Amino acid sequence: MDSQQTAKALHYRINTDISQLLQRFENIMATATVENSSYTSTAVETYQLDVESSALIRAAEDLLSLTRIMKETWLFGKLDTLGEDERDVERREKLEKDLVAVEKSVEGGVLSKLCPKDKN
């Protein structure tokens with residue numbers, strides 16, 4: 001999967017989960033502020049609070065699931081935020097060795113032997 005698609009999907013899921021969480025909380029607050037004294041309306045409000053609180057818990061669990069997925073993606077290398085892996089370290093060390101060898105060659109005068117100046 002392309003990292004750009006993954007990033008877009010993660011952003012979409014984050015936004016969806018947060019909006020669900022906020023919407024459920026707003027619904028709970030709206031239901032809790034209604035003042036009605038009949039038994040029927042109290043029963044309906046109780047049921048609505050139960051449904052909304054269950055949905056709020058599901059939304060929070062979905063956010064927790066998303067954070068776990070993001071941690072796994074980060075730790076197992078699909079996101080390049082941890083730094084160098086073994087291949088990168090080996091490549092960097094080889095480049096440093098090559099650089100030292102070239103530097104020693106230049107100091108030793110290898111270039112003058114390879115490209116002699118014409119004495120015309």
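**A first look at the model**

Reader: Let's start with one residue: does Lys-94 count as buried or exposed?
Author: Buried means under 20% relative accessible area, exposed over 50%, and partly exposed in between (1.4 Å probe, protein chains only). Lys-94 has 51% relative accessibility, so the word for Lys-94 is exposed.

Reader: What pLDDT does the protein average?
Author: This is a predicted model, in which local features need pLDDT of at least 70 and side-chain atom pairs count only at pLDDT 80 or more, while totals for chains, interfaces and linings use all residues. Residues are numbered from 1 along each chain as its sequence is written, and side-chain values use heavy atoms, with hydrogens and water left out. pLDDT is the predictor's confidence in each residue, from 0 to 100. At least 70 is reached by 82% of the residues, and the protein's average is 81.

Reader: Which element has the lowest mean pLDDT?
Author: Helices are DSSP runs (H or I, at least four residues), numbered from the N terminus. H2 has the highest mean, 89, while the lowest, 69, belongs to helix H4 (residues 110-114).

Reader: Which residue forms a salt bridge with Lys-94?
Author: A salt bridge needs a side-chain nitrogen of Lys or Arg within 4 Å of a carboxyl oxygen of Asp or Glu. The partner sits 4 residues from Lys-94 in helix H3, so about one helical turn separates the two. With its closest N and O atoms 3.2 Å apart, the pair joins Lys-94 to Asp-98.

Reader: How many residues of H3 are buried?
Author: Helix H3 spans residues 86-108 and reaches 33 Å from its first C-alpha to its last, close to the 33 Å expected at 1.5 Å a residue; the expected span is 1.5 Å times one less than the number of residues. Arg-92, at 33%, is partly exposed, and Glu-96, at 42%, is partly exposed too. H3 lies largely in the open, because of its 23 residues the number buried is 0.

Reader: Which residue in H2 pairs with Arg-24 in a salt bridge?
Author: Arg-24 is partly exposed at 22% relative accessibility, while its partner counts as buried at 12%. The closest N and O atoms are 3.2 Å apart in this bridge between Arg-24 and Glu-52. The pair links distant parts of the chain, 28 residues apart: from helix H1 (residues 3-32) comes Arg-24, and from helix H2 comes Glu-52.

Reader: How many salt bridges does the whole structure hold?
Author: One network of salt bridges links Arg-13, Asp-17 and Asp-62. Arg-92 and Glu-96 also meet in a bridge, at 3.3 Å. A search of the whole structure gives a count of 6.
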